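Biologist: I am new to this structure and would like to learn how to read it with some care. Could you show it to me, and then take my questions in turn?

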Amino acid sequence: MNKENHKLIVAFQGMAGAYSNMACEAYFPNSKTLACNSFEDMLNSTKNGTTDYSMVPVENSLAGRVTDIHHLIPESGLFIVGCLLYTSPSPRDRTRSRMPS
């Protein structure tokens with residue numbers, strides 16, 4: 001999907017301002033984001049080419065493991081291309097680091 005002169009589009013589940021939205025903006029600072037109502041909608045937007053990536057939470061610092069996503073990823077046909085490690089709990093205060101999967 002990402003062609004020359006195309007602005008990267010990253011999907012996330014939730015509303016604008018959610019932690020996943022902030023993670024998208026921190027990891028892909030010049031991208032557009034697409035808020036999705038469900039994890040299924042988020043993954044489908046990447047699968048059908050509407051978005052270039054999905055920002056997928058696998059664990060939540062408040063609620064723990066995001067169990068739905070652990071079932072949806074294998075069924076999606078998509079691939080994990082990286083993971084994020086951060087030094088503080090707030091995405092706005094984080095030091096960005098990338099670790100390939």
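Biologist: In which hand, left or right, does α2 pass α3?

Modeller: Before I answer, please keep in mind that this is a predicted model. The hand of a crossing is read by looking at how the near helix is turned from the far one, clockwise or anticlockwise. In this case, α2 passes α3 in a right-handed crossing. The axes of the two helices, α2 and α3 (residues 67-76), come within 10 Å and cross at roughly 25 degrees.

Biologist: Why are α2 and α3 described as roughly parallel to each other?

Modeller: The general idea is that an angle under 35 degrees counts as roughly parallel. Here the axes cross at roughly 25 degrees, and therefore α2 and α3 are roughly parallel to each other.

Biologist: Which residues of α2 and α3 meet?

Modeller: A contact is read from heavy atoms within 4.5 Å. On the side of α2, the residues are F39, E40, M42, L43 and K47, and they meet D68, I69, L72, I73, E75 and S76 in α3. By type, the residues of this contact divide into six nonpolar, one polar and four charged.

Biologist: Taking one of these residues, is I69 buried or exposed?

Modeller: The cut-off to remember is that buried means under 20% relative accessible area. I69, which is found in helix α3, has 0% relative accessibility and so counts as buried. Leaving out residues up to four places away in sequence, I69 touches F39, M42, L43, V56, P57, V58 and P74. Of these partners, F39 is 30 residues from I69 in sequence, while their C-alpha atoms are 7.0 Å apart in space.

Biologist: And T46, is that residue buried or exposed?

Modeller: T46 has its place in helix α2, and because its relative accessibility is 15%, T46 counts as buried. Its contacts, setting aside neighbours within four places in sequence, are with T51, D52, Y53, S54 and L78.

Biologist: Where should I look for N37, and is that residue buried or exposed?

Modeller: N37 is found in the loop between β2 (32-36) and α2 (39-47). An exposed residue is one with over 50% relative accessible area, and N37 is exposed because its value is 72%. The C-alpha atoms of N37 and F12 are separated by 8.8 Å, although the two residues lie 25 apart along the chain.

Biologist: In what order do the three strands of the open sheet lie?

Modeller: The order of strands in a sheet is read from which strand pairs with which. Here the three strands form an open sheet in the order β2-β1-β3, with parallel pairing. The edge strands, each pairing on one side only, are β2 and β3 (53-54). Strand β1 (residues 9-13) runs parallel to β3, and two bridges join them; in one pairing, V10 has Y53 in β3 as its bridge partner. As for the helices, α2 packs on the sheet, touching β1, β2 and β3, and its direction makes about 165 degrees with that of β1. Helix α1 (residues 19-27) lies across β1 and β2, running at about 160 degrees to β1.

Biologist: To finish, how many helices and strands are there in the protein chain?

Modeller: The protein chain has three helices and seven strands, and from the N terminus on its elements run β-α-β-α-β-β-β-α-β-β. Of its 101 residues, 29% count as buried. Among contacts between residues at least 6 apart in sequence, 50% join residues at least 24 apart.

Definitions and conventions. Residues numbered from 1 in each chain as written. Predicted model: local features only at pLDDT ≥ 70, side-chain atom pairs only at ≥ 80, totals over all residues. Heavy atoms only, no water. Helix = DSSP H or I, 4+ residues; strand = E, 2+ residues; numbered from the N terminus. Buried < 20%, exposed > 50% of the residue type's maximum accessible area, 1.4 Å probe, protein only. Axes fitted to C-alpha atoms, helices over the stretch in contact; angles between N-to-C directions. Parallel < 35°, antiparallel > 145°, perpendicular 65-115°, else oblique. Nonpolar A, V, L, I, M, F, W, Y, C, P; charged D, E, K, R; others polar. Pairing = 2+ DSSP bridges.
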